[in-house]
Structure formats: structure tokens, C-alpha cells
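Reader: Got a minute for a quick look at this one? I'd like to talk through the packing.

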Amino acid sequence: SDEEKHRWAETFARFTVANYAGRFTGFTGEEFVTLGVEDAAKKTRMVLTKIVVPSEDDVQLNYRLLEKDGEWKVIDVYLNGTVSELALRRSEYSSALKREGFEQLVASIETKIEDLRSKGNADG
């Protein structure tokens with residue numbers, strides 16, 4: 001239903017923010033570098049970046065953006081240039097939706113959000 005779509009979009013947005021914020025637990029000299037911008041399929045653009053991590057391999061993160069209402073919005077993130085966060089989540093959530101139903105899927109994401117929030121509070 002439209003109400004479920006709205007609820008899912010809101011829940012998924014909150015999870016995405018909590019999940020990405022939870023990946024940054026401290027600063028040890030990392031540097032975020034923008035490498036360039038390329039036109040991509042379906043009128044999107046790819047912003048090529050990397051995170052330089054001292055004493056470790058760099059982490060390549062590419063952001064796919066779509067222009068909507070005059071603003072560019074991130075619609076997907078690619079780890080190491082190829083692994084689509086959106087595709088991984090779509091597969092995971094489609095399976096859970098079929099197995100457990102909408103209410104259980106939303107409840108499980110709410111639990112993950114709370115776990116990330118608690119972990120963030122514990123880490124300071």
C-alpha cells in the first residue's frame with residue numbers, strides 16, 4: 001500500500017544513515033579523496049572517491065547520483081568500485097519480505113537501527 005511504501009522509505013532512510021554513521025567509529029588519520037566524476041547509465045553520475053587509511057589498503061567508494069528537482073541525490077554506493085549496496089540490500093530485504101512479511105521486515109530493521117544507536121552511544 002502507499003502507507004507501507006512511505007513507512008518503508010522512512011525506515012530504510014533511517015537505517016541507511018545509522019549504518020553508515022556506525023562505520024565511522026573513530027579517527028586515526030583517514031583522508032577522504034574525491035578522484036573525479038563520470039557520466040553513468042540512465043542519466044546518472046558516478047562520483048569516484050577513496051578513503052586513504054594509514055597503514056592499510058585504501059577503500060574505494062563510488063557514489064551513484066541522480067538529479068531530482070535540481071538537486072543531485074545519492075542513489076547507490078559501490079564498495080571497491082563494484083559491490084552495489086543497493087543490490088545487496090534489495091536481495092536481502094526481498095528474501096526477508098517473502099519469508100517473514102512486511103511487519104517483521106520493518107521490525108527487524110528497527111532493531112538494527114536501535115542496535116547501531118546503542119553501539120554508537122557505548123562508543124561515545
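Reader: How are helix 1 and helix 2 oriented to each other?
Author: Keep in mind that this is a predicted model. The two pack at an angle of about 125°. That lies outside 65 to 115 and is not over 145, so helix 1 and helix 2 count as oblique to each other.

Reader: Which residues are in helix 1 and helix 2, and how far apart are the axes?
Author: Helix 1 covers residues 2-22 and helix 2 covers residues 85-100. Their axes are 14 Å apart.

Reader: Is the crossing left-handed or right-handed?
Author: The crossing of helix 1 and helix 2 is right-handed.

Reader: Which residues make the contact?
Author: Helix 1 brings Trp8, Phe12, Phe15, Asn19 and Tyr20. Helix 2 brings Glu85, Arg89 and Tyr93. By class, that contact has five nonpolar residues, one polar and two charged.

Reader: Switching to the strands. Where is Thr49?
Author: Thr49 is in strand 2, residues 44-52.

Reader: Buried or exposed?
Author: Thr49 is buried, because its relative accessibility is 1% and the cut-off is under 20%.

Reader: What lies 2.3 Å from a polar atom of the Thr49 side chain?
Author: The backbone oxygen of Leu61.

Reader: And which residues does Val33 touch, leaving out those up to four places away in sequence?
Author: Leu48, Thr49, Lys50 and Val52. Val33 itself is in strand 1, residues 31-40. At 22% relative accessibility, Val33 counts as partly exposed.

Reader: How far is Val33 from Glu114?
Author: Their C-alpha atoms are separated by 31 Å. Along the chain, Val33 and Glu114 are 81 residues apart.

How values were computed
Residues numbered from 1 in each chain as written. Predicted model: local features only at pLDDT ≥ 70, side-chain atom pairs only at ≥ 80, totals over all residues. Heavy atoms only, no water. Axes fitted to C-alpha atoms, helices over the stretch in contact; angles between N-to-C directions. Helix = DSSP H or I, 4+ residues; strand = E, 2+ residues; numbered from the N terminus. Parallel < 35°, antiparallel > 145°, perpendicular 65-115°, else oblique. Left-handed = near helix turned anticlockwise from the far one by under 90°. Contact = heavy atoms within 4.5 Å. Nonpolar A, V, L, I, M, F, W, Y, C, P; charged D, E, K, R; others polar. Buried < 20%, exposed > 50% of the residue type's maximum accessible area, 1.4 Å probe, protein only. Polar contact = N/O pair within 3.5 Å; in protein donor to acceptor, adjacent residues only side chain to side chain.
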